[in-house]
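Colleague: I am new to this one. Please pick a single part, look at it closely, and then place it in the whole chain.

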Amino acid sequence: VNMDWVQFGLLIAAMGGMFQWLRTDITTNRVELSADRRDLLQILREIKEENKNFHGRLCALEERKKDK
């Protein structure tokens, strides 16, 4: 009977350890995900700005072509 409680205690301790390990792993992933999201948003802003610049240059080329 005493051995059953020892095994039960070890099971609970192992489950607690795995739970704590997963919590720290999730927290680490959440921080990395946040940094990746910021990088992607910055890339999207740069692409949007480049599209605006390209559209402006294209319109200028069309105007020059129309004037000739």
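Modeller: Start at L33, which is exposed at 61% relative accessibility. Exposed means over 50% relative accessible area, buried means under 20%, and partly exposed lies in between (1.4 Å probe, protein chains only). This is a predicted model, in which local features need pLDDT of at least 70, side-chain atom pairs count only at pLDDT 80 or more, and totals for chains, interfaces and linings use all residues. Residues are numbered from 1 along each chain as its sequence is written, and side-chain values use heavy atoms, with hydrogens and water left out.

L33 sits in helix α1. A helix here is a DSSP run of H or I with at least four residues; a strand is a run of E with at least two; both are numbered from the N terminus. Helix α1 covers residues 2-67. The protein chain has 1 helix and 0 strands. Its radius of gyration is 29 Å, well over the 11 Å of the globule rule for 68 residues, so the chain is more spread out than a compact globule. That radius is taken over C-alpha atoms, and the rule is 2.2 Å times the number of residues to the power 0.38. The C-alpha atoms fill a box of roughly 100 × 15 × 5 Å along the principal axes. One pair gives a feel for this: L33 and F8 are 25 residues apart in sequence and 37 Å apart in space, C-alpha to C-alpha.

What about cover? Buried residues make up 0% of the 68 residues. The accessible surface comes to about 6800 Å², and 64% of this belongs to carbon and sulfur atoms. Areas come from the Shrake-Rupley method with a 1.4 Å probe; for residues, only the protein chains shown count as cover.

Next to L33 in sequence is E32, also in helix α1. E32 is partly exposed, at 46% relative accessibility. E32 joins D25, D36 and D39 in a surface patch of negative charge. Patch residues have over 30% relative accessible area and no salt bridge; like charges are joined within 9 Å, and nonpolar side chains (Val, Leu, Ile, Met, Phe, Trp, Tyr) within 5 Å.

F8 belongs to a nonpolar patch of about 1000 Å². Its other members are W5, L11, I12, M15, M18, W21, L22 and I26. M15 lies in helix α1 and is partly exposed, with a relative accessible area of 47%.

Now the charges. The chain has 12 positive and 11 negative side chains, and the centres of the two sets lie 8 Å apart. Lys and Arg count as positive, Asp and Glu as negative; His and the chain ends are not counted. Each charge is placed at NZ of Lys, CZ of Arg, CG of Asp or CD of Glu.

The structure holds 2 salt bridges. A salt bridge puts a side-chain nitrogen of Lys or Arg within 4 Å of a carboxyl oxygen of Asp or Glu. R57 pairs with E50, the closest N and O atoms being 3.4 Å apart. R57 is partly exposed at 44%, and E50 is partly exposed at 42%. E63 pairs with K66 at 3.8 Å between the closest N and O atoms. These two are 3 residues apart in helix α1, so about one helical turn separates E63 and K66. E63 is partly exposed at 42%, whereas K66 is exposed at 62%.
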